[in-house]
Each structure stands twice: as C-alpha cells, then as structure tokens.
Amino acid sequence: MPIRQMKDNSEQHLVIKNHLQNTMNPIQRTPKTAQNGKGPPAGHEPHNTKQSHNHTSPPTKNKGRRRGRGGRKSDQGDVCMRPSSRHCTVAQKPVNPGSADILAATSNGSIQNDHNLSGMEMGFPTSSKSLNFASRPGFGQVGTKCIVKANHFFAELPDKDLNQYDVTITPEVTSRTMNRAIMAELVKLYKGSVLGMRLPAYDGRKSLYTAGEFPFSWKEFSVKLVDEDDGINGPKREREYKVVVKFVARANMHHLGQFLAGKRADAPQEALQILDIVLRELSTKRYCPIGRSFFSPDIRAPQRLGDGLESWCGFYQSIRPTQMGLSLNIDMASAAFIEPLPVIEFVAQLLGKDLLSRPLSDSDRVKIKKALRGVKVEVTHRGNVRRKYRVSGLTSQPTRELVFPVDDNSTMKSIVEYFQEMYGFTIQHTHLPCLQVGNQRKANYLPMEACKIVEGQRYTKRLNERQITALLKVTCQRPRDREHDILQTVQHNAYNQDPYAKEFGVKISEKLASVEARILPAPWLKYHETGKEKDCLPQVGQWNMMNK
C-alpha cells in the first residue's frame, strides 16, 4: 500500500516558554515491537526511533484510528468461580505520608504475568514494567476503629540476588506440561553435577530462575523422555530433546525492599513475578493449575453439576506488595471439570436417557460431538496400556457398519472383527457410533465402551442455568467457613517446608494478617415527601421499609 508523505509545514510549531520547560516532564513512548481419509482403529500401533522536534507535523488521516476489533481476552484464571465480595475489608496503615501509598490488593486483582524480562539489567535495575502510583492525599478519620483479619499472609523477602536464564527446547514444544516434564528430568539428571546443586524455578515457557548462579553462562543439555502412557508391558516410546540454558540477567531485591519501605514509588514487577513463580512451582506439580488458581479433587470432594460435569475446589494464590509489607494473597476458588467417567456413562448423563436400548437421533449425535470434541480420553481395552487420545469427532455410522483397509490390497475388515482378533475385546453396543481421534487426514476409530475420560480436564464451554446454580451453591460460604478453608490450605501447602521457597529464601507466615479498619457511621435514608416518615437512620444495617 503506497504511503503518502506529508510535506513539512514550517509554520506549524510548538512554542514552550522557558519557565514551562523546566517543570514539564516529557512523556516517553516506548516503540512497539512487531511480534512476530479413514484409518485403522486407534488401538492399532501401525529498533530505530524518531527523535522529537520543536514542531509538530500535520495530522494524517490514520491518526487516532482504532486498530483491530474486539477487546483483550481475559485471563483464564478469572473465569474460575471466586466471590466478587470478600468477607473482610483491608484498611492499611501508612508507611510514609510523603511516599506513594500502595493499597493492599484484594484477591480479585492480578499481577501482569509477562514473561519478557528483557528490561532487567545488571546491578540495581530500574524496572521496565514498574508501576508508578500517585501519592495518597491523606487517611480517613471518620468511624470507629477496629481490627479485622484479611486473607493475606506476610512474607519475608529473600536476602539474595535472583538470576534469570533463557531456556530453548528443541524440537519446539507448545505444551507447558511437556516443557515442565523436560525441565524436571533435566534437573533430576544434572542437579548434583552441572547445575551446582541449584534447584531452579521454571515458568513453563522460556524463563528459568535460580537463587545464585549456575557454574556456567551457557550450556546445552540432552534430555530423553519416555512415554509412560504406553503402560508397563512392551516397549515404550522414547524421545530426545536438546535444551539450551543461557544466562540473561540478574534481579536483586533491593528495589523491592525500597518500594515496600516507601522510599520508591515504582513497583518492580520483575521481582514480584519471580517470587510468584517460585511460590507456585510446588503447587503446579501437586495440583491442576488454571490461570492463577490450583484445583484438585483432594482439596474437597467434587460436587456433581449435572450433564457429566462436577465442581472442583481449589485456591487462588498471588504475591502482593502492600503498605504493611510483602504478602501472599490466598482465596478459595471453584471451577467446573468434566467427570472422569466411561464415555458411555458420560453420554448417558449428557442426553439424560438410556443409550443401550435406543438408537441415537441426529440431534443426539450433534450434542455428543459438541460435548466431546477436544476432550482427552484413554483406552481401557488394553490392560495396563492406557494410551491417551484427543477426540476430534463422531462417526455418522454405527460401529457395526464401520470397515477399514488392513493392507495395501484394500482388504477390508470391520471394527468389531479387528478388536476381537487383535485384543480379544468384544464390542457389546455395536449400534453406537465410534469416537474419531487424530486429525482429519488420518482419523482413527475408538468404540465408546473402550474409552474413559481423562481426569483433570476443565470444562470451558458455557454452563446452563442449573449448573451455574449448583456451582454458586458450592462457592457460597460464610466468612468463618471461608477463613477455616483458607487456613487449612496454607497449612496443607506448608510453604515453610517448600523446597523451592527454602532455596530462594522466602518465608511465609501461617497467620492471617491483622489490619486496622474503621466502621463508618450509617448514612441517613430519605423517603419520599408523601410518606409518613421523611428520613430514617439504619441500625446495624437494618431499617423499616414500611413507610406509612
């Protein structure tokens, strides 16, 4: 697309008086950087920047035009059910009246989890993602003072510098779970030798953090992973990965300490992000991580939501800077998961009818296909071998009518015969369709009765009204019950015994933070002029609505 060049207009210029130039702070804009068939059954193993001038150039047509449509997608963790209101209000004590006052963040806030830490520098860096807060004008004095408990647990800062390393895995892996498995195997193999007994924390993508330096600044490792899904009998598949670990930067805690002491107004987001990753490392291995929350059926017994779904209890966790110091914010959360049921049982709950005697209608097939597409299942007809597959579709024909070529001569064999001869598995419900797994070019078949849904899969589609009501009942708790669950979660996580917290020198209190608060006087309520009473003062949050 041709670009029309505008001629410089020498008459348009900006005059700034001397006394204004000394008081105005120019706003520096950071330049944007470009980001840059049918097959056999599945059981078969066949920057240049422009300098500012003293004149302004004429406006162009494209200036101020919106680019792109739609809003920014929210964090996945925000979809989890957490109450919009909390059982306590945090009122903070001033650190320094002349410094910037940082309000204690409630648990529905979030720290930007940006993995690009290229702004960190050696020594005492100025945070590239720091947040500048305006100074608080003062503190309120109205009301009755009291002490409340907040779901914050004070943390002690580490007294050591933290190091960041860049991680490159070849061949490239897009799954965080697989990335973590590769790095866990690397640490297991080389911790006592090449890594110098360091226990690093990993963000699952490109960054690795240590408390102290590795004995190298760049090194390549070889890691082999075995596919455990192949079971305990027979040969297992093995894949080799090349991992390059390279030193990037060093972040110290001096900036964060000054910020918490009220001596600096910019919050060092890099240091906070590293501490957040360190405290999440062990929970990521123990639980099912989703956004900033962790879920497990062991925290509390799952509750059925209907149509093959159940609610899992979990907890939200985030490190926060407050006026009273660094704290770990913990809150309870709930989310909908797919029940780990046999596929036939899941479909029966989904349709609300018996599948074993009635054939499926076209609308039933569409509903099953929408519900199961993208869901991971494991086979149950091969004994200890529990291969996992992701469902891509549903066959239009029943199992008894499905055939596939078994050799180059196009010799056809039915699915029923193949499973009987190959695995000694008799398909009972041949009137049901098969699941399609794999891609469109090579879609393999799996009988429904030979599959079970893999545990720990979050349900991301829209819930119906009945399911939403059931989930809200699970999340609704009295303050005392919520306090008990939060304290129990902290004790179970045992942060002071966490090997990663110990490695990085982070200590977490097991007591809820006590915070000064004020109970504000109730406001006067004014009724309509035609009523018997013209105004009313509520008592303990109650008043008479019958204004006769």
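Q: Where in the predicted model is Asp-364 found?
A: Asp-364 sits in helix 6, which spans residues 362–372. The model is a predicted one.

Q: Why is Asp-364 called buried?
A: Its relative accessibility is 10%. Buried means under 20%. Asp-364 falls under that cut-off, so Asp-364 counts as buried.

Q: Which residues does Asp-364 touch, leaving out those up to four places away in sequence?
A: Asp-364 touches Leu-351 and Lys-353.

Q: How do you know whether Asn-252 is buried or exposed?
A: Look at its relative accessibility, which is 9%. The cut-off for buried is under 20%. Therefore Asn-252 counts as buried. Asn-252 lies in the loop between strand 8 and helix 3. Its C-alpha is 7.5 Å from that of Ala-271, and the two are 19 residues apart in sequence.

Q: What makes Leu-275 a buried residue?
A: Leu-275 has a relative accessible area of 1%. That is under 20%, so the word buried applies to Leu-275. Leu-275 is in helix 4, residues 269–286. Beyond four places in sequence, its contacts include Leu-157, Met-253 and Val-506.

Q: How far apart are Leu-275 and Val-506 along the chain and in space?
A: They are 231 residues apart along the chain. Their C-alpha atoms are separated by 8.1 Å.

Q: Why does Leu-512 count as buried?
A: Its relative accessibility is 15%. Buried means under 20%, so Leu-512 qualifies. Leu-512 is in the loop between strand 22 and strand 23.

Q: What does Leu-512 touch, not counting residues up to four places away in sequence?
A: Among its contacts are Asn-151, Phe-153 and Ile-486. Leu-512 and Asn-151 are 361 residues apart along the chain, yet their C-alpha atoms are separated by 5.9 Å.

Q: What makes Arg-250 and Glu-213 a salt bridge?
A: Their closest N and O atoms are 2.0 Å apart. A salt bridge needs the side-chain nitrogen of Lys or Arg within 4 Å of a carboxyl oxygen of Asp or Glu. The distance fits, so the pair counts as a salt bridge.

Q: How do you know that this pair links distant parts of the chain?
A: Arg-250 and Glu-213 are 37 residues apart. Arg-250 is in strand 8, while Glu-213 is in the loop between strand 6 and strand 7.

Q: Which labels fit Arg-250 and Glu-213, going by accessibility?
A: Arg-250 has 18%, under the 20% cut-off, so Arg-250 counts as buried. Glu-213 has 42%, which is between 20% and 50%, so Glu-213 counts as partly exposed.

Q: What makes Arg-466 and Asp-307 a salt bridge?
A: Their N to O distance is 3.5 Å. That is within 4 Å, so the pair meets the cut-off.

Q: What is the sign of phi in Asp-307, positive or negative?
A: Phi of Asp-307 is positive, near 60 degrees, and the residue is not a glycine. Most residues other than glycine have a negative phi. Asp-307 lies in the loop between strand 12 and strand 13.

Q: Why do Glu-529 and Lys-526 get the labels they do?
A: Glu-529 has 48% relative accessibility, between 20% and 50%, so Glu-529 is partly exposed. Lys-526 has 68%, which is over 50%, so Lys-526 is exposed. Their side chains meet in a salt bridge.

Q: How many salt bridges does a search of the whole structure find?
A: The search finds 18. Arg-180, Glu-281 and Lys-285 are linked in a network of salt bridges.

Q: Why is Lys-461 called partly exposed?
A: Its relative accessible area is 39%. Partly exposed lies between 20% and 50%, so Lys-461 fits. Lys-461 is in the loop between strand 21 and helix 8.

Q: Which residues form a positive surface patch with Lys-461?
A: Lys-369, Lys-370 and Arg-373 form the patch together with Lys-461.

Q: Why is Val-540 called exposed?
A: Val-540 has 82% relative accessibility. Exposed means over 50%, so Val-540 earns the label. Val-540 is in the segment after strand 25.

Q: What kind of peptide bond joins Thr-170 and Pro-171, cis or trans?
A: The bond is cis, with omega about 0 degrees. Most peptide bonds are trans. Pro-171 is in the loop between strand 4 and helix 2.

Key
Residues numbered from 1 in each chain as written. Predicted model: local features only at pLDDT ≥ 70, side-chain atom pairs only at ≥ 80, totals over all residues. Heavy atoms only, no water. Helix = DSSP H or I, 4+ residues; strand = E, 2+ residues; numbered from the N terminus. Buried < 20%, exposed > 50% of the residue type's maximum accessible area, 1.4 Å probe, protein only. Contact = heavy atoms within 4.5 Å. Patch = residues over 30% accessible without salt bridge, like charges linked within 9 Å, V, L, I, M, F, W, Y side chains within 5 Å. Areas by Shrake-Rupley, 256 points an atom, 1.4 Å probe, with all protein chains shown as cover. Lys, Arg positive; Asp, Glu negative; His and termini not counted. Charge placed at Lys NZ, Arg CZ, Asp CG, Glu CD.
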